[in-house]
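Here are a few exercises to work through with the model open in your viewer. Try each one yourself before you read on to the solution.

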Amino acid sequence: MKIQLVGRIVDAEPRFPSRIVGRRLLLDDRGRDQLILDSGFTGSVAIPEEWANRLELRYAGIQTFELANGQIVEFPTYLGAVQLGQAAGLFEIVVTAEALLGMEFFERLKARIVIDWRTKKVSCTGNLRPKFPSPLMGEG
Amino acid sequence: MKAKKSAAKRLVTRTQRLEGAVRRPSRRVLARLKEWDPRYKGQVAAIEMESEEIFLGKDVVEATLKGWEKYPDRTFYFVRIGYPAVHSRRGGLRKR
């Protein structure tokens, strides 16, 4: 299913609006929270703990992250559904202090991202195939 | 440097408190993964810590779902074969 996301550049950061509806993370233009597009983050989705408490997530285990200084840190990892318009997909979600969309998220969408500094808008078009049936998405 | 080390220690402590004790893969499992390196480099390995069984996927979601097919109630330790960590974050990742 085709996906189109539109966000804004705020404080020199491309940000996509999001909100939580029915214990699911929804990215659409009605959202009042924001996820930052972070090209330095190879993961998928990172969210703050306060959001995590409101979402239906399933704990998957521990994964490691390498930071810029070479330090390896462990983060609890969850799987959860993310709604993108009419389509939904199962994504890995790590709980950190920030709300980020990393490169794996956009790779999964086979996304084309345009950052337009004249209009201060960021747009993303892509496709999402929910290829992983899961109880978290009401398909299993 | 000392402060960073103690921050990492705090994270591990908090993680343990939240999710139960963090068990890390044994040397035997890590040696097995090293043997797989040339063939499966870049794949994510979900290691089920009780059985030490390994489930491979192109990402964490795929590896986890394969693991849950056999062990629906278990959790995993994730490793990316041939890399020091599953993911990287330039600029640091703040603790919650």
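The exercises below go from the overall build of chain A to its central strands, then to the core and a few single residues.

Keep in mind throughout that this is a predicted model.

**Exercise 1. The overall build of chain A**

Work out which pattern of helices and strands chain A follows, and how compact the chain is.

*Solution.* Start by counting elements: chain A has 2 helices and 11 strands. Next, put them in sequence order, and you get β-β-β-β-β-α-β-β-β-β-α-β-β. Now for compactness. The radius of gyration of chain A is 15 Å, and the globule rule gives 14 Å for 140 residues, so the chain is as compact as a globular protein of that length. Along the principal axes, the C-alpha trace of chain A spans about 40 × 40 × 25 Å. As for burial, 41% of the 140 residues in chain A count as buried. Finally, take the contacts in chain A between residues at least 6 apart in sequence: 56% of them join residues at least 24 apart.

**Exercise 2. The neighbours of S7 in chain A**

Find which strands pair with S7(A), and in which sense.

*Solution.* Go through the partners one by one.

- S6(A): 9 bridges join this strand to S7(A), and the two run antiparallel. One bridge pair to look for is A:Phe65 with A:Val73. The hairpin between these strands has 4 residues in it, and A:Gly70 there takes a positive phi near 90°.
- S8(A): here 8 bridges hold an antiparallel pairing with S7(A). Check A:Leu79 against A:Glu92, and A:Leu84 against A:Ala87. This hairpin has 2 residues between its strands, with A:Gly85 in the turn at a positive phi of about 65°.
- S3(A): the pairing with S7(A) is parallel, over 3 bridges. A:Leu26 has A:Gln83 as its bridge partner.

Now add burial. In S7(A), 12 of the 13 residues are buried, so the strand is largely enclosed by the rest of the structure.

**Exercise 3. On to S8 in chain A**

Is S8(A) largely enclosed or open, and what does S5(A) do beside it?

*Solution.* Count the buried residues first: they make up 9 of the 10 in S8(A), so this strand is largely enclosed by the rest of the structure. Then look at S5(A), residues 45–48, which runs parallel to S8(A) with 4 bridges joining them. A:Pro48 and A:Thr96 are one of the bridge pairs.

**Exercise 4. The core and the helix of chain B**

Identify which residues touch the most other members of the largest nonpolar core, then see what H3(B) packs against.

*Solution.* The core has 52 residues, and those touching the most other members are A:Val45, A:Val82, B:Ala45, B:Ala46 and B:Phe78. Strand S7(A) supplies the largest share of this core, with 7 residues. Zoom in on A:Val82: leaving out residues up to four places away in sequence, its contacts are A:Leu25, A:Leu27, A:Val45, A:Ala88, A:Gly89 and A:Phe91.

Now move to H3(B), residues 60–70. Its buried residues include B:Val61, B:Leu65 and B:Trp68. From chain A, the buried residues of the helix pack against S6, S7 and S8; from chain B, they pack against S1, S2 and S3.

**Exercise 5. Three residues to click on**

Decide whether A:Leu128, A:Lys120 and B:Glu52 are buried, partly exposed or exposed.

*Solution.* You need the cut-offs here: 20 or more other C-beta atoms within 10 Å means buried, 12 or fewer means exposed, and anything in between is partly exposed.

1. A:Leu128 has 21 such neighbours within 10 Å and is therefore buried. It lies in the segment after S11 of chain A. Its contacts beyond four places in sequence include A:Met1, A:Ile3 and A:Leu109.
2. A:Lys120 has 13 other C-beta atoms within 10 Å, so it is partly exposed. You'll find A:Lys120 in the loop between S10 and S11 of chain A, with a positive phi of about 60° even though it is not a glycine.
3. B:Glu52 has 12 C-beta neighbours inside 10 Å, so it counts as exposed. B:Glu52 sits in the loop between S1 and S2 of chain B, and it too is a non-glycine with a positive phi of about 60°.

Definitions and conventions:
Residues numbered from 1 in each chain as written. Chains lettered and ligands numbered in written order. Predicted model: local features only at pLDDT ≥ 70, side-chain atom pairs only at ≥ 80, totals over all residues. Core = buried A, V, L, I, M, F, W, Y, C linked by C-beta atoms within 7 Å. Contact = placed C-beta atoms within 7 Å. Rg over C-alpha atoms; globule rule 2.2 N^0.38 Å. Pairing = 2+ DSSP bridges.
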